[in-house]
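Me: Please take a close look at a single part of this structure and walk me through it carefully, with residue numbers where they help. I would rather have one connected account than a list.

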Amino acid sequence: MTQPTIESILQEKRLFHPPAEFSQAAQIRSLEEYQNLYDQAKANPEQFWAELAEQELHWFQKWDTVLDWQPPFAQWFVGGKLNISYNCLDRHLTTWRKNKAALIWEGEPGDSRTLTYAQLHREVCQFANALKQLGVKTGDRVAIYMPMIPEAAIAMLACARIGAAHTVVFGGFSAEALKDRLVDAEVKVVVTADGGWRKDVVVPLKAQVDKALANGGAPNVRHVLVVRRTAQEVEMEQDRDRWWHELQQEVSVDCPAEPMDSEAMLFILYTSGTTGKPKGVVHTTGGYNLFTHITTKWIFDLKDTDVYWCTADVGWITGHSYIVYGPLSNGATTVMYEGAPRPSNPGCFWDVIEKYGVNVFYTAPTAIRAFIKMGEEIPKARNLSSLRLLGTVGEPINPEAWMWYHRVIGGERCPIVDTWWQTETGGIMISALPGAIPTKPGSATLPFPGIMAQVVDLEGSPVAANAGGYLSIQHPWPGMMRTVYGDPERFRKSYWEHIPPRDGRYVYFAGDGARCDQDGYFWVMGRIDDVINVAGHRLGTMEIESALVSHPAVAEAAVVGKPDEVKGQEVVAFVTLEGTHSASEDLKKELKQHVGQEIGAIARPGEIRFADALPKTRSGKIMRRLLRTLASGEAVSGDTSTLEDLGVLETLRKEG
């Protein structure tokens with residue numbers, strides 16, 4: 001890999017200080033306090049994390065060694081024993097939180113359920129016993145292929161309670177994608193539902209499991225446990241399939257949490273690659289518990305009175321870390337919503353905020369851009385005054401989308417935490433601490449204390465301020481992935497060998513282009529393969545997209561490169577328009593001129609294609625790889641299992 005660094009042109013001058021009233025009551029109250037924490041962690045990382053581990057978590061047995069680092073393999077809190085299910089549930093039962101709402105659930109059709117910590121604990125213990133009754137032991141793998149219902153979180157916590165590793169597969173994946181994951185993880189038990197609601201239709205989950213298991217598709221699977229959710233007819237195979245509600249009635253509500261080694265595997269979560277089979281990211285117990293706990297506490301500034309809502313699905317790392325483990329470890333009230341904005345109710349998110357008085361709201365830039373397209377009259381028709389903090393996750397947010405979020409949803413009073421992290425990092429790595437760090441629209445701001453992030457060139461040398469380069473992490477952290485399941489060599493090559501080790505010092509390569517400005521703020525410019533080389537200038541797609549989205553006619557934009565004989569590559573922009581604007585040749589010219597004015601002639605798109613929708617993964621990320629293929633007129637190949645709507649590709653192909 002010999003690419004030069006990425007050019008960065010777009011500059012953002014706006015700065016938003018935390019409101020004084022917010023800072024006075026915050027977990028971390030000033031930039032000075034943040035800097036002190038950061039400096040302490042940098043000076044002695046092991047001591048920093050060890051003190052937090054002792055203060056914040058319950059341990060059955062304290063560790064012998066804080067960090068055993070055999071690059072690129074790390075072990076944290078070696079010899080320590082704990083249980084993340086205990087930390088999320090049992091330790092709260094001896095406090096007033098016993099009868100506090102742990103999980104508020106809202107179903108898409110409008111049904112709802114609230115579980116207190118005591119009630120959630122009881123259900124988790126019952127299901128843990130049900131798993132044990134079926135022969136699930138410590139170290140076994142259990143797949144969870146579920147809609148967004150409480151039983152998904154219950155199953156995760158039950159697996160953790162008995163030391164079985166879970167692998168959650170998003171409920172929108174096909175039978176083939178599910179089978180691949182069941183086989184790779186050597187899964188013994190699958191937990192699913194008859195179906196789940198999504199955008200006004202029932203997704204037939206049990207039928208997909210049956211397809212995945214047909215003809216010996218996943219030979220290790222012995223049992224399938226089925227939650228009754230949509231009451232549709234399903235086939236139940238004798239001796240293999242059991243109803244969840246029947247199993248729960250047969251077992252005890254008493255199931256002590258198993259003391260687990262800090263490095264015991266907690267879960268495998270698959271990330272899709274552009275080619276080849278998905279990577280099984282392995283996370284372990286102690287370091288992940290600590291990292292998700294403390295990032296949730298400080299970044300979302302949690303108060304005991306907060307109602308906190310992350311809109312992700314538990315099938316993604318965001319759902320693992322910031323719906324289930326992080327909030328519950330802190331004793332928070334976490335909201336889980338089954339549905340998504342849809343034609344029958346485009347304002348359903350705002351309904352949930354109004355109904356439950358949500359205080360902290362964490363969603364994706366792609367959702368925010370979709371809300372912009374729908375128009376601000378929809379959220380303005382609801383009472384969103386309970387909100388005090390907003391967050392974004394999943395990809396860089398365009399500055400103008402940030403400003404809309406701040407103004408329309410946050411009423412110009414709520415700080416925004418724009419978070420950068422990955423499935424592989426376990427938790428948030430770069431983000432504002434909302435009471436301490438001033439924010440800039442489009443910037444993830446500063447690294448979390450204990451995270452030593454740096455923008456470097458491919459030799460590993462730091463680049464100058466505002467010069468583009470590669471985002472790297474210079475020191476191990478507790479939430480880091482431990483390996484790729486069954487393939488440690490792929491782990492080494494994917495994350496630790498792009499930047500050559502110096503003097504035996506390994507650097508984590510995030511795969512993202514970034515720049516660091518004169519104030520030390522990080523600007524993530526997108527994946528390094530989402531970079532366009534125009535006449536020798538390597539331009540980050542995020543910056544051109546941000547320029548397009550800043551035009552009042554544009555709701556969302558995705559920019560890719562297309563081969564060009566003269567310039568090497570030409571910029572091609574796929575654009576969706578605000579509801580009141582129409583596609584035209586005049587608008588294409590106007591948008592090209594607008595990008596030229598915002599960034600410069602070098603970034604002006606050679607081609608603009610209008611689209612009703614863009615191809616996105618089921619977690620909401622734009623699949624620019626597929627757009628590159630379409631722009632070049634090539635046939636789509638590689639892994640498309642994460643694509644939410646294949647029809648979008650077909651429409652774009654015809655229009656191209």
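**A close look**

Reply: Thr483 counts as buried because its relative accessibility is 18%, and the cut-off for that class is under 20%. The model discussed here is a predicted one. Thr483 lies in strand β23, which covers residues 483-484. Leaving aside residues up to four places away in sequence, Thr483 is in contact with Phe73, Gly280, Val281, Val282, Pro488 and Phe491.

The part I would look at closely is an open sheet of 7 strands, whose order is β5-β4-β17-β16-β18-β19-β20 and whose pairing is mixed. Its edges are formed by β5 (112-116) and β20 (416-418), each of which pairs on one side only. On average, and with direction ignored, neighbouring strands of this sheet are turned by 15° against each other. Helix α5, made of residues 117-133, packs on the sheet and touches both β4 (101-106) and β5, its direction making about 90° with that of β5.

Strand β4 is mostly covered, with 6 of its 6 residues buried. Towards β5, the strand β4 runs antiparallel and is joined by 5 bridges, and within this pair Trp105 stands opposite Arg113 in β5. The hairpin of β4 and β5 has 5 residues between the strands, and in that hairpin Gly110 takes a positive phi near 110°. Towards β17, by contrast, β4 runs parallel and is joined by 4 bridges, with Ile104 standing opposite Val335 in β17.

Val335 also provides a link to the next strand, since Trp309 stands opposite Val335 in β17. The strands concerned are β16 (residues 307-310) and β17 (residues 333-337), which pair in the parallel sense over 3 bridges.

A word on the cysteines completes the picture. The count of disulfides comes to 0, where a pair of sulfur atoms would have to lie within 2.5 Å. Cys88 is in no disulfide, the nearest cysteine sulfur being that of Cys125 at 13 Å, and Cys88 is buried, with a relative accessible area of 0%. Cys125 is likewise in no disulfide, the nearest cysteine sulfur being that of Cys255 at 5.5 Å, and Cys125 counts as buried because its relative accessibility is 1%.

Technical notes: Residues are numbered from 1 along each chain as its sequence is written. This is a predicted model: local features need pLDDT of at least 70, side-chain atom pairs count only at pLDDT 80 or more; totals for chains, interfaces and linings use all residues. Side-chain values use heavy atoms; hydrogens and water are left out. Two strands pair if DSSP finds at least two bridges between them. Helices (H or I, at least four residues) and strands (E, at least two) are DSSP runs, numbered from the N terminus. Axes are lines fitted to C-alpha atoms, for helices over the stretch in contact, and angles run from 0 to 180 degrees between N-to-C directions. Contact means heavy atoms within 4.5 Å. Buried means under 20% relative accessible area, exposed over 50%, partly exposed in between (1.4 Å probe, protein chains only).
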